[in-house]
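Open the model in your viewer and keep the selection panel handy. We will go from one stop to the next, with a note on what to pick each time.

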Amino acid sequence: MSNTVLTERKEAALPLSLSKVQKIYRTGPRKKGGVEAVKSMDLDIRPGELITLLGPSGCGKTTTLRMIAGLETITSGEILIGGVRVNDLPPAKRNVGVGFESYALYPPLSVRENLAYGLKARKVNDAMQQVDELARRLDMTDMLEERPAALSSGQKQRVSLARALIRKPPVLLLDEPLGHLDAAQRQRVRRELKLLQREFGYTTIVVTHDQSEAMTLSDRMAVMDAGIIQQFGTPDEIFDDPANLFVADFVGEPAINLLDGTVVRDGDKVLVNVAGGVLETSVISAKDGQKVTVGVRPQDAFLAPGVKGTVFVYEDLMEYGLVRLDVHGTDKRVVVQTVAGAKLRSGDISEFNVSSHRVYLFDPEDGARIR
Ligand SMILES: Nc1ncnc2c1ncn2[C@@H]1O[C@H](COP(=O)(O)OP(=O)(O)OP(=O)(O)O)[C@@H](O)[C@H]1O
Ligand SMILES: [Mg+2]
């Protein structure tokens, strides 16, 4: 796929950096007060890197993207694209291409004309071949002669995505680009998006609230909450070494199990009492008697003496099994991933344990990781 019409003229990718970027939406009378949607954000993205902004609704993802694109003013801080400060540049001068959900297609033009529009304006002579090739890649050849009004929301979304991709901007910004697609299409377009991004090599930010999407797409991901980047790292770093309780809980499927515990120091060993059971942990800074929130990922837990519970249900998912265990002495239900065919029944008494280095401890007050 390296010598296609789509990728043969590749512009150099650009780095993108945000330094102490803040956004306050002024909503009060006489422009006082307001909503601080983004708080002192720092972010350094390498040329050609694909990062995702992942976080719950209202955490400031779209605001961040709009500030980078120049569609929203920046309250304070600085944005650099290719080393150039773009704070005061209009969108068209920033070297960015955007695919926002609300990004309108031209209604009187066919999908083909919508896609070719930007290329023709720049006098690209193989515009139609490029449109055909990209349409093939994104499985939308059969929509090319339609007008936007005749398309479903999922089809429109693919056209918006294709239009952003075909312009090959040095920096590409996509806000929930796959949100309206059905599950099968989502997977296919996601894979193709990643391949195209690699081939074109543009620096890309994808906004999503879907952690599995972020995990599969990202070179690195920025997990956001309440206008703040909680952690920026590779998917493995985020999963294995979460910075705090929010990140640990937001990333991972099934979600991490969280239980109340009390630390007991026993000679060289650090133990955590959890609901009458005991787990050993390698968190050596934990203090005797300290109250903690204990995190155990379902993938790390296994059935062995440790913490007792009653099987609520066992699901066999072919490649592995999931046991939902009602932990004795608490109102908590934990999930333990087992080998397939574990043959447990509802009502069975069982126990789970976890390797000491896979026990996460958090401060129950502020969610800070105890290391
Ligand atoms: N034009 C605006 N005026 C005032 N407040 C706004 C405006 N746009 C966004 N906000 C507020 O800023 C915060 C961040 O909004 P933003 O749209 O960036 O979140 P988001 O992470 O994209 O959420 P979602 O996942 O729901 O799209 C929210 O509290 C929102 O209500
Ligand atoms: Mg949004």
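**Stop 1: a sheet.** This is a predicted model, and our tour begins at an open sheet of six strands, paired antiparallel in the order 13-12-11-14-19-20. Select residues 277-281 and then 369-370: these are strand 13 and strand 20, the edge strands, each of which pairs on one side only. As a reminder, the strands of a sheet pair through backbone hydrogen bonds, in either a parallel or an antiparallel sense.

Now add residues 360-362, which make up strand 19. Strand 19 and strand 20 run antiparallel and are joined over two bridges. Which residue of strand 20 is the bridge partner of leucine 361? Click on isoleucine 370 and you have found that partner.

**Stop 2: the whole chain.** Zoom out and colour by secondary structure: the chain has eight helices and 20 strands. If you draw a box along the principal axes, the C-alpha atoms fill roughly 75 × 50 × 40 Å. Switch on the surface, and you are looking at about 17500 Å² of accessible area, 50% of it belonging to carbon and sulfur atoms. As for what lies beneath, 50% of the 371 residues count as buried. A contact map is worth a glance too: among contacts with a separation of 6 or more, 65% are between residues 24 or more positions apart.

**Stop 3: ligand 1.** Centre the view on ligand 1 and show its surrounding residues as sticks: Tyr25, Thr27, Val35, Ala37, Pro56, Ser57, Gly58, Cys59, Gly60, Lys61, Thr62 and Thr63. Colour this shell by class and you get five nonpolar, six polar and one charged residues.

Which elements supply at least two residues each to the shell? Select 35-45 for strand 2 and 61-69 for helix 1. Helix 1 gives the largest share, with three residues.

**Stop 4: distances to the ligand oxygens.** Use the distance tool for this last stop:

- Glycine 58: a polar backbone atom is 2.8 Å from an oxygen atom of ligand 1.
- Cysteine 59: a backbone N or O atom sits 3.2 Å from an oxygen atom of ligand 1.
- Lysine 61: here a polar side-chain atom is 2.8 Å from an oxygen atom of ligand 1.

To finish, compute the ligand's surface: taken alone, ligand 1 exposes 640 Å², and the protein buries 60% of that.

Note on methods: Residues are numbered from 1 along each chain as its sequence is written. Chains are lettered from A and ligands numbered from 1 in the order in which they are written. This is a predicted model: local features need pLDDT of at least 70, side-chain atom pairs count only at pLDDT 80 or more; totals for chains, interfaces and linings use all residues. Side-chain values use heavy atoms; hydrogens and water are left out. A residue is near a molecule or strand if one of its heavy atoms lies within 4 Å of it. A polar contact is a pair of N or O atoms within 3.5 Å; within protein, one must be able to donate a hydrogen and the other to accept it, and residues adjacent in sequence count only if both atoms are side-chain atoms. Accessible areas come from the Shrake-Rupley method with a 1.4 Å probe; for residues, only the protein chains shown count as cover. Helices (H or I, at least four residues) and strands (E, at least two) are DSSP runs, numbered from the N terminus. Ala, Val, Leu, Ile, Met, Phe, Trp, Tyr, Cys and Pro count as nonpolar, Asp, Glu, Lys and Arg as charged, and the others, Gly among them, as polar. Two strands pair if DSSP finds at least two bridges between them. Buried means under 20% relative accessible area, exposed over 50%, partly exposed in between (1.4 Å probe, protein chains only). Contact means heavy atoms within 4.5 Å.
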